[in-house]
Amino acid sequence: MSIHSTRRHLLGALGLGGVALGAAACSSSDPFAEEDGAGGGSSDGGGSADAGTIVVGSQAYYSNEIIAELFAQVLEKAGLTVDRQYQIGQREVYLPELESGALDVMPEYTGNLLQNYEPDAESASPEEIHSALSEVLPDGLRLLPFAQATDQDSYTTTSDFASSNSLTTIADLAGLKDLKIAANSEFEVRPYGPEGVKTVYGVDVTVVPVEDGGGPLTVQALTDGDVQLADLYTSDPAIIANDLVPLEDPESLILPQNVVPVVSKKVDDDAAAAITTVIEALSADDLVELNRRSVEEQASSADIAKGWLGEKGLV
Amino acid sequence: MNGNPYLEAFAWLGDPTHWSGPSGIPMRTLEHLGYTVLGVAVAALIAIPLGLFVGHTGIGKGIAVTAAGAARALPTLGLVTLFALMVGIGLTAPMLAFVILAIPSLLAGASSAVESADPATVDAARAQGMTEWQILTRVEVPLGMPLIVGGFRGATVQVVATAMLAAYVGNGGLGRYIFLGLGSQDYPQMIAGSVLVIALALVLDLALLLTQRLTLPRGTRPA
C-alpha cells in the first residue's frame, strides 16, 4: 500500500502539475547543509544517533516534509538537537524504523495509519479514529494529539455553486438534481462514493471519471462547469487558487485524515509539548497555505516552516 | 487478492451481469470502436489527400516525412492532458490526440502507394494522353491500394490500442474497465479490459488484412 494513495503517486510519476514540481523543489535541499544538526558523534544512519538527538522523518511527499520541518524547528527552539531524515518512502519502511528507535518523530495521517494496522477500519469521527489508532499502535510508539488540519478526499464545489444553493455540508446537496462529481474512477467503488453519500446523506451523484488524481484536469472540470463537484484533497492549494469550497462532512462519511505526530520513547514530555504547540495551531487553512507556498512559490520546506512558525509566535 | 488474477479476469468476462447496461461490455466496446473509427476517419480526411499529393508530385516530401516521424514520437497521454487543459474534459481532447496519432501511418501509406507504381506504367499512361488526375485515380491509386489500406491498418491498430485514454478525461470506452480496475486494485477487471482491447485490435487488424488482400489489383496478385 502506498503512503498516500496510488493516484498521488501516479500524478507524481507523470510529472503533471505543480505538485510534482513542489515536491522536487522541497527535496533538492543540500544534504550537507544539515550536517551541523547531526552533532559530533553521529554514526552514519542505522541505530540511534546521539542520546540527545531527535531524528525527525517525513514521507516522500512535499506537504508531509513541511509538517516534519515545523516539528523539527520547534524541537530545536526547545533546545534539542535534531537530525532530519526526510523523504522516506513507504510506511513499510519507516514504521519499523520508528519501532526500533532509529526514527523518533513522524508526521502521520490518522485514517490511513489506522487502516495500515486495521485494513477494515471504517470511517468515524476524527476523535474516534484517533482513539482507535492509539489502541492499535505498537508498544514503544506514542500518538500525540491530532491537528485540525487534514489531508483527505472531499466533496468540493465552487463558491458560486455553494452560495447559490446555500451549501455548507454534504447534506445540503440532498434534493439537487443531476449532480456530477469529477473524480478518479475508483471513487465509484469507494465507501464515500455515490452509494455511501446516498446512504449517509441521501444525495444522488454520478461520477465523471477524470483520472489525474484531483490534479489540474479535475479542477478544470469543476471550474468549467462540466461538473458541480470534484474530489480534491483538502490540503490542495488549488482550493485557494480557484476559490473552491470543500463541503463539510458532519457524519464522517469520508475517513478523517487529520495530521498527527507519531513519536518514539525518546521524545520526552517537554519535546512532546513542543510538537503539540504546532498541532494546536495547525488549522485546515494553514496547511493549504503551507502547501501553496511550496507549489506556487517553490519555497523550501525550511523557509515555509520558519515563516509560519514566526507568524504564529512559535519560534 | 486471492487466486490467479488472469483466471479471475476470464471469470469476470464470463459474468453475464457485465454484458448488459450502459457500462456493459457491448456498450463499452461500441464506444471504443466509435472513438477509433472517428479518430482514423478524421485523420484520413487530412492525411490521405496530402499523402496522394506528396506521392504524386514529390512536393514537400521531406517535410511530410519529417513531420510524420516527429508526430509518431509524441506521447499520446501528454497530448490528451495538454488538449484537455485547453478545451476541457470530454471527447474533443482525446480525439485530437488520436487524429495526430493516426496521421503518420495514413500519410506514409498514401504517399508510398503512389510512389510504388512502376514508373514505366505511369509513363505509358501519360503517353496515352491521360491527365495527371486520371493517372493518379486510375493507375497509381488502384495499383497502390494495398499500401493505402496498410496505412489504415497501422493507424487503426495504434488508435484502438490507445483509445483507452478517452476514459482519462471523462469519456467511455474499454478504458473505463482498465482505469477502474487499476484504481480500485481490482486487477481481474483491469486485465479483462485489456483483453477486450487486445481482442478488438486483433479483429480489426485481421479485417483490414483481408481487405488489403482483396484490394490487390488483378494481374498483380501472386499466382
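This is a short talk on a predicted model with a chain A and a chain B.

Hi everyone, and thanks for coming. Please keep in mind throughout that we are looking at a prediction. I'll take chain B, then chain A, and then what the two share.

So, chain B. What secondary structure does chain B have? The count is nine helices and zero strands. If you read along the sequence, the pattern is simply α-α-α-α-α-α-α-α-α. The C-alpha trace of chain B spans about 70 × 45 × 25 Å along its principal axes. Of the 223 residues in this chain, 42% are buried.

Next, something that comes from a record. An unreviewed UniProt entry annotates residues 33-55, 76-103 and 190-211 of chain B as "transmembrane region". Let's see what the model does in two of those stretches. Residues 33-55 of chain B are 100% helix, with 30 Å between the end C-alpha atoms. Residues 190-211 of chain B are also 100% helix, and there the end C-alpha atoms are 32 Å apart.

One helix of chain B deserves a pause: H8(B), residues 175-183. Is H8(B) enclosed or open? Nine of its nine residues are buried, so H8(B) is largely enclosed by the rest of the structure. Among those buried residues are B:Arg176, B:Tyr177, B:Ile178 and B:Phe179. Just after the helix, look for B:Gln185, which takes a positive phi of about 55 degrees.

Over to chain A. Here we have 14 helices and ten strands, and 47% of the 315 residues are buried. Among the contacts in chain A between residues at least 6 apart in sequence, 76% join residues at least 24 apart.

My strand of the day is E10 of chain A, residues 259-263, where five of five residues are buried. Here is a helpful rule: in a regular strand, the side chains alternate between the two faces of the sheet. Now apply that to E10(A). On one side you find A:Val259, A:Pro261 and A:Val263, on the other A:Val260 and A:Val262, and both faces are covered.

Which strands pair with E10(A)? One is E3 of chain A, residues 105-109, which runs antiparallel to E10(A) over five bridges. In that pairing, A:Met106 stands opposite A:Val262. Another is E4 of chain A, residues 142-143, again antiparallel, over two bridges. There, A:Arg142 has A:Val263 as its bridge partner.

Finally, let's put the chains together. How many residues does each chain bring to the contact? Chain A brings 18 and chain B brings 14. On the chain B side, helix H4 (76-87) and our friend H8(B) each give two or more residues. H8(B) gives the most, with four. By type, the chain B side divides into eight nonpolar, five polar and one charged.

There is also a nonpolar core to look at. The largest one has 143 residues, and those with the most contacts inside it include A:Phe71, A:Ala230 and B:Leu106. Helix H5 of chain B, residues 92-115, gives the most to this core, with 14 residues. From chain A, the core draws at least three residues from each of domain 1 and domain 2. To get a feel for it, click on A:Ala230: its neighbours include A:Thr156, A:Ile181, A:Val219 and A:Leu222.

If you take one picture home, let it be H8(B), a buried helix that also gives the most to the chain B side of the contact. Thank you, and I'm happy to take questions!

Notes
Residues numbered from 1 in each chain as written. Chains lettered and ligands numbered in written order. Predicted model: local features only at pLDDT ≥ 70, side-chain atom pairs only at ≥ 80, totals over all residues. Core = buried A, V, L, I, M, F, W, Y, C linked by C-beta atoms within 7 Å. Buried ≥ 20, exposed ≤ 12 C-beta atoms within 10 Å, placed from the backbone. Domains from an automatic or database assignment. Contact = placed C-beta atoms within 7 Å. Pairing = 2+ DSSP bridges. Nonpolar A, V, L, I, M, F, W, Y, C, P; charged D, E, K, R; others polar. UniProt positions renumbered as here; feature names shortened; annotations may be inferred. Lists of a residue's contacts leave out its neighbours within four places in sequence.
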